[in-house]
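Trainee: I'd love a close look at one part of this model. Could you guide me through it?

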Amino acid sequence: MSVAEDIAQHARGQASPADAQVKMETRNVNVFYGEKQALFDVNLDIRQNQVTALIGPSGCGKSTYLRCLNRMNDVVDIARVSGSIKLDGDDIYDPNVDVVEIRARIGMVFQKPNPFPKSIYDNIAYGPRIHGIANNKKEMDEIVETSLQRAGLWDEVKDRLGEPGTGLSGGQQQRLCIARAIAVSPEVILMDEPCSALDPIATARIEELIDELKENYTIAIVTHSMQQAARVSQRTAFFHLGILVEEGDTEQIFTNPTDERTQDYITGRFG
Ligand SMILES: Nc1ncnc2c1ncn2[C@@H]1O[C@H](COP(=O)(O)OP(=O)(O)O)[C@@H](O)[C@H]1O
Ligand SMILES: [Mg+2]
């Protein structure tokens, strides 16, 4: 089977139900790094309890867009964001918004697993401690266990919670980072190429996990793998040169794209 057929086969049936709620709404989003414009008038909805894949050639603005969704561009000195970005209808760039709270509600998992140089337990407990989520040791123990269970890591680490998180394998570290994001009860989880540093088995494990997580969370994932987008997402957005060229149900994007640039990208003509 050709790669294109493989992708199409996985994409078939991947669609967002007509009544899916919008969790995050972005309108006319422009991002500048100094003089250079990286995103141009992006309009995209991230639907609740769905996985939205952001695809496109390197440098097209996928990470920039993802970082807008939880104000991570705030920490990039030269970045300037304009437009409207709403979570449940509320502007997350409103001056009265608490950015720390926004980043708890909208968690992030990065390309390279980045556990803190702490124990497995303390990696998970870190966020809940900052946010004062647990009232006592027992409650914290429960949060740690539940988070690790949801991230599919509990059975592998339950007997060594005191050992350093950095001692785990790459795939386990990435699940630890997902558990860490989950521990503060986010509503949205943003993932920026979460599997690109992992082997195929660890990647498959994370993809299964993403599929389970969408029951409880809304997910936006940047991926350079079209197979991965077809396997895990219900909605796909294709970016090119800072422009959102096309978005739609994953099945439609991979089997019947409307824009020639999307067609060229998914058939491997560039990127
Ligand atoms: N911190 C930054 N400073 C300046 N330019 C940046 C920065 N981050 C990204 N860019 C530029 O913005 C554009 C989009 O980058 P990025 O969002 O990282 O793309 P992608 O994730 O699709 O590869 C690129 O031209 C990149 O060089
Ligand atoms: Mg990127």
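Where is the place of Glu-193?

Mentor: Good choice! This is a predicted model, in which local features need pLDDT of at least 70, side-chain atom pairs count only at pLDDT 80 or more, and totals for chains, interfaces and linings use all residues. Residues are numbered from 1 along each chain as its sequence is written, with chains lettered from A and ligands numbered from 1 in the order in which they are written.

Glu-193 sits in the loop between S7 and H8 (helices, H or I of at least four residues, and strands, E of at least two, are DSSP runs numbered from the N terminus). Around Glu-193 there are 20 other C-beta atoms within 10 Å, so this residue is buried (buried means 20 or more other C-beta atoms, placed from the backbone, within 10 Å of its own; exposed means 12 or fewer; partly exposed is in between). Its backbone also deserves a look: Glu-193 is not a glycine, and yet its phi is positive, about 45°. As background, most residues other than glycine have a negative phi.

Next to this loop, let's look at helix H8, which spans residues 200-213. Three of its residues, Ile-206, Ile-210 and Leu-213, are buried. They lie on the same side of H8, because they cover an arc of only 65° around the axis (the arc is that of the directions from the helix axis to the C-beta atoms). The face turned away from that buried side carries the exposed residues Pro-200, Ile-201 and Glu-212. What do the buried residues of H8 pack against? Their partners are strands S3 (51-55), S7 (188-192) and S8 (218-222), together with helices H7 (170-182) and H9 (226-232). Strand S7, which borders the loop of Glu-193, is therefore one of the elements that the buried residues of H8 pack against.

Now compare Glu-193 with two other residues. Asp-41 is not a glycine either, and has a positive phi of about 45°. Asp-41, however, belongs to strand S2, residues 36-47. With 13 C-beta neighbours inside 10 Å, Asp-41 counts as partly exposed, whereas Glu-193 is buried. Asp-88 has a positive phi near 50° and occurs in the hairpin of S4 and S5, where two residues lie between the strands.

S2, S4 and S5 bring us to a sheet. It is an open one of four strands, in the order S2-S1-S4-S5, with antiparallel pairing (strands pair if DSSP finds at least two bridges between them). The edge strands are S2 and S5, as each pairs on one side only. Walking across the sheet, S1 and S2 are joined by eight bridges, and there Glu-25 has Asp-45 of S2 as its bridge partner. Strand S1 (residues 22-33) is also joined to S4 (residues 79-87) by eight bridges, with Thr-26 opposite Ile-85 in S4. Between S4 and S5 (residues 90-91) there are two bridges, and Lys-86 is partnered by Asp-91 in S5.

One last link leads from the sheet to a helix. Ile-85 is among the contacts of Cys-68, which also include Val-29, Val-31, Asn-73 and Val-81, leaving aside neighbours within four places in sequence (contact means C-beta atoms, placed from the backbone, within 7 Å). Cys-68 is found in helix H2, residues 62-68, and counts as buried because it has 26 C-beta neighbours inside 10 Å. Asn-30 is 38 residues from Cys-68 in sequence, while their C-alpha atoms are 9.7 Å apart in space.

Notes
Contact = placed C-beta atoms within 7 Å. Expected span 1.5 Å × (residues − 1).
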